[in-house]
Amino acid sequence: MRPSKSDPGRGAASAAWEVLLPAASAPARTRGRALQAALREAVRSGRLAPGTRLPSSRDLAADLGVSRGLVTEAYEQLTAEGYLRSGRGAGTWVGAAVRAARPRAHDLAPRAPGARADFVPGTPDLSLFPRSAWAAAHRAVLAESPHQDLGYPDPRGLPGLRTALAELLTRRRGVVADPERIMIVSGVTQATTLLGFALHARGMRAVGVENPGSPQHDALYASAGVTAVPLPLDGEGIALEPLRESGVRAVVTTPAHQFPTGIAYSARRRAELLDWARSVDGIVLEDDYDGDFRYDRAPVGALQGLDPDHVAYTGSVSKSLAPGLRLGWLLVPASWAEDVVERKRTMDLGHPALDQALFARFLERGDYDRQLRRCQRAYRERRDTLVAALEEHFPGSEVSGIAAGLHVIATLPERYGPEERFLARVAEAGVAVRPLSACAHTRTEDTAKKVRLVLGYAHVPPARIAEGVRLMAEAATG
Ligand SMILES: Cc1ncc(COP(=O)(O)O)c(C=O)c1O
């Protein structure tokens, strides 16, 4: 289905209609409820943006192969719940006020396969995945690994991988990385969950999180019985006074390239943060999710390197290789190590051994450094293309957070607002974007007026970036 002005509901969110298909094939008895649940979830998660027009009940029923009555009923129910609104004879729309649940972890990944342009942040260019080098490493590992490497691994990870990673993290990120203390985990996500349990075990039932920040934190910490407390940022990082006043003793940060604003924490704020952690006998959790990509500023070393006794450091290959590998690392202060390792053991008895051996070889042979250099070149070009296209098509915009990472923040002049209208228009044109407000734990005053976008560019080839921005501008002003 291609988007078209005369048929507004059908193109922009065609991907979302497809997610309703599984519900449509539910057993007849539960089909109505399944359809309502799927529709509700699509609205909640932002898959169906506020203002999106839904197809007529007749069209959607035909597309899904269900009775029209089921669709009408679903529309009525969700209208009553406030998820949808309908005008007499004018169709059905996603309600303006819906911004319920913040996107959860899985919503971070681009999920706009049918979009004409996709700027949803969170994924690197998967076509740059080094398939041949990976395949060669795989073959070599299978041929050379001793049988005992196929047994239950040390829950911290294979010694060879921990040694290779320690070398990498020390060299590239200034981490104090003792191989004995590195743990291999299945991404920052698992590291966060492990830390959540460790906080809980120490009686810490609240953790400060950056606001705006990663939308996945609430759910991850909640699963460990820990409440995420949103804390505001200022120009230098997480603001100190609110942090002190909050009473938390643990705080999650992204100091190298704050997610999503892109600021790098100032040297002063880093020092203040560590002073704070020492004064409350607390801990700073450092998420170095895209610390490898720097374009035109000096690398900012990891905070952990300044005080390994008060910082837990985590990162993964999700931005440098592929998130589907589910491979990351975690370093915790010595006094936390035993507890965290035990939790990893009870969770999954350690990370898959062959994957670890493969990645160790990949690191040892310089393949990972080559991959980072290759991506760095590609992403810098894409970033430059995006910034230039925004200047051309959205004059007067402020583009920030551009010196590093895989996304920028574009603050559009007021004439493009309010946000709700802008999002509805670009969605209708088939352009997938994520507003900064989706990362806000609390609503800020000006979101309705000014449009702020978190634009991911790493996964989009330059020509499509330029074309996508043009399409977005056309839709926004059309
Ligand atoms: C702030 C932040 N941290 C970490 C991650 C990655 O988590 P994982 O390593 O589990 O893939 C993401 C994913 O987009 C993220 O946005």
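This report describes salt bridges and one loop residue in a predicted model.

The count of salt bridges comes to 26. Three of these pairs are listed below.

| Acidic residue | Basic residue | Closest N to O distance |
|---|---|---|
| Glu167 | Arg171 | 2.8 Å |
| Asp296 | Arg383 | 2.9 Å |
| Glu474 | Arg470 | 2.5 Å |

Two of the pairs sit within a single helix. Glu167 and Arg171 are four residues apart in helix α7 (residues 159-173), about one turn of the helix. Glu167 is partly exposed, at 42% relative accessible area, and Arg171 is also partly exposed, at 44%. In helix α16 (residues 462-477), Glu474 and Arg470 are separated by about one helical turn because they lie four residues apart. Glu474 has a relative accessible area of 45% and is partly exposed; Arg470, at 30%, is partly exposed too. Salt bridges with shared partners connect Glu167, Arg171, Arg172, Asp292 and Asp369 in one network.

The salt bridge between Arg383 and Asp296 links distant parts of the chain, 87 residues apart. Arg383 belongs to helix α14 (residues 367-393), while Asp296 is in the loop between β10 (283-287) and β11 (311-316). Arg383 has a relative accessibility of 3%, under the 20% limit, and so counts as buried. Asp296, at 48%, counts as partly exposed.

Glu236 is found in the loop between β7 (227-234) and β8 (237-238). Its side chain makes a polar contact of 2.7 Å with the side chain of Ser266. Leaving aside residues up to four places away in sequence, Glu236 touches Ile263, Ala264, Tyr265, Ser266, Arg268 and Arg269.

Note on methods: Residues numbered from 1 in each chain as written. Predicted model: local features only at pLDDT ≥ 70, side-chain atom pairs only at ≥ 80, totals over all residues. Heavy atoms only, no water. Polar contact = N/O pair within 3.5 Å; in protein donor to acceptor, adjacent residues only side chain to side chain. Contact = heavy atoms within 4.5 Å. Salt bridge = Lys/Arg side-chain N within 4 Å of Asp/Glu carboxyl O. Buried < 20%, exposed > 50% of the residue type's maximum accessible area, 1.4 Å probe, protein only.
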